[in-house]
Amino acid sequence: MMKLVLTFTLLAAVHSYSVEVSLLESFTGDNNEPCYSNPSNGKDGGICLQTDCCAGATYISNLCPDYQNNVKCCYSYNSCNTNAVACASQSAACEVLGMHEKGQIHLKGEHFDPSGNNPYDGASALSNIRDTCYGKHAKLSSYGNAPGGTVCLTTKMVTSLRDYARNYYNSYGRAIEVNALAGSSHSATSWHYQGNTFDVGCTYPTDHCSALVSWCRNQNPVELCYPGSSCGGHETWVHCAH
């Protein structure tokens with residue numbers, strides 16, 4: 001029985017890695033990440049991944065220059081999220097990830113609460129989008145009120161985020177900051193856990209709170225919170241549940 005379980009585990013790990021590599025071949029981003037084409041460990045290229053999630057710590061530094069410091073070029077697989085079931089929002093997520101690499105949107109790669117960072121739980125906005133692009137469900141956090149598990153990011157939410165970020169960048173030449181998607185801890189019944197919600201900072205890099213609220217209202221949201229709204233507690237960001 002132990003041998004059977006071990007064999008299944010190894011096969012699952014190999015399958016997870018092969019899925020990520022095959023999808024990566026169609027994701028080019030801005031073509032400036034050396035990781036994708038740098039051979040190592042018997043692979044033609046790696047994936048840009050937070051080091052806490054790189055199985056076996058088989059990563060190389062300085063090959064993912066458009067990512068935060070704890071994202072390295074990983075040549076194994078994503079141990080933080082081994083789900084390998086693609087979602088309908090995959091294509092849109094790849095567009096958003098490419099925008100992140102080009103500096104047209106900033107996907108936060110960690111949580112405000114250190115409970116999700118030590119060790120990192122694989123559920124930041126960056127990880128949610130990257131995992132969706134690579135053919136996985138997005139991971140939910142499991143600290144605080146967060147229930148754990150995984151969820152598909154909805155196509156409506158991802159395309160709304162993509163289009164707003166693109167319009168903002170085209171107007172101001174700067175990137176909006178996405179604080180959270182499905183991950184992090186929110187209220188116990190938060191829409192975030194349904195994969196249909198984004199939290200976007202709206203007081204930086206310029207004050208675009210009114211514009212973002214107006215955008216979200218046009219999406220017919222199921223919930224909308226913003227600075228000064230009746231929700232309370234949203235002093236610097238807009239919470240938009242699609």
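# Exercises on a predicted model

The axes of helix α4 (residues 155-172) and helix α5 (residues 209-217) come within 11 Å of each other and cross at roughly 145°. The model is a predicted one. The exercises begin with this pair of helices.

**Exercise 1.** Describe the crossing of α4 and α5, and state which residues make the contact.

*Solution.* Step 1: two packed helices are described by the angle between their axes and the distance between the axes. Step 2: for α4 and α5 the angle is roughly 145° and the axes come within 11 Å. Step 3: the crossing of these two helices is right-handed. Step 4: α4 contributes S160, D163, Y164 and N167 to the contact, while α5 contributes A211, L212 and W215. Step 5: sorted by character, the contact residues of α4 and α5 are four nonpolar, two polar and one charged.

**Exercise 2.** Give the secondary structure of the chain and the share of its residues that count as buried.

*Solution.* Step 1: the chain has five helices and 10 strands. Step 2: the chain has 242 residues, and 51% of them count as buried. Step 3: among contacts in the chain with a separation of 6 or more, 62% are between residues 24 or more positions apart.

**Exercise 3.** Which residues have the most contacts inside the largest nonpolar core, and what does L181 touch?

*Solution.* Step 1: the largest nonpolar core has 55 residues. Step 2: I105, I129, L181 and F198 have the most contacts inside this core. Step 3: leaving out residues up to four places away in sequence, L181 touches A125, N128, I129, L153, M157, L161, H192, T197 and F198. Step 4: I129 and F198 appear both in this set of neighbours and among the residues with the most contacts inside the core.

**Exercise 4.** Locate S184 and S190, and decide for each whether the residue is buried or exposed.

*Solution.* Step 1: S190 is in the loop between β7 (176-180) and β8 (197-201). S184 also has its place in the loop between β7 and β8. Step 2: a residue counts as buried under 20% relative accessible area. Step 3: S190 has a relative accessible area of 6%, so S190 is buried. Step 4: S184 has 11% relative accessibility and therefore counts as buried. Step 5: a polar atom of the S190 side chain lies 3.0 Å from the backbone nitrogen of H192. Step 6: S184 has a positive phi, near 75°, in a residue other than glycine.

**Exercise 5.** Where is C231 found, and which residues does it touch?

*Solution.* Step 1: C231 is in the loop between β9 (223-225) and β10 (237-241). Step 2: the relative accessible area of C231 is 37%, so C231 is partly exposed. Step 3: not counting residues up to four places away in sequence, C231 touches L224 and C225.

**Exercise 6.** Describe the backbone at P119, P205 and A57.

*Solution.* Step 1: N118 and P119 are joined by a cis peptide bond with omega about 0°. P119 lies in the loop between β4 (105-107) and α3 (125-133). Step 2: the peptide bond from Y204 to P205 is cis too, with omega near -5°. P205 lies in the loop between β8 and α5. Step 3: A57 is not a glycine, yet has a positive phi of about 50°. The loop between β1 (47-50) and β2 (59-60) holds A57.

How values were computed: Residues numbered from 1 in each chain as written. Predicted model: local features only at pLDDT ≥ 70, side-chain atom pairs only at ≥ 80, totals over all residues. Heavy atoms only, no water. Core = buried A, V, L, I, M, F, W, Y, C linked by side-chain atoms within 4.5 Å. Buried < 20%, exposed > 50% of the residue type's maximum accessible area, 1.4 Å probe, protein only. Contact = heavy atoms within 4.5 Å. Axes fitted to C-alpha atoms, helices over the stretch in contact; angles between N-to-C directions. Helix = DSSP H or I, 4+ residues; strand = E, 2+ residues; numbered from the N terminus. Left-handed = near helix turned anticlockwise from the far one by under 90°. Nonpolar A, V, L, I, M, F, W, Y, C, P; charged D, E, K, R; others polar. Polar contact = N/O pair within 3.5 Å; in protein donor to acceptor, adjacent residues only side chain to side chain.
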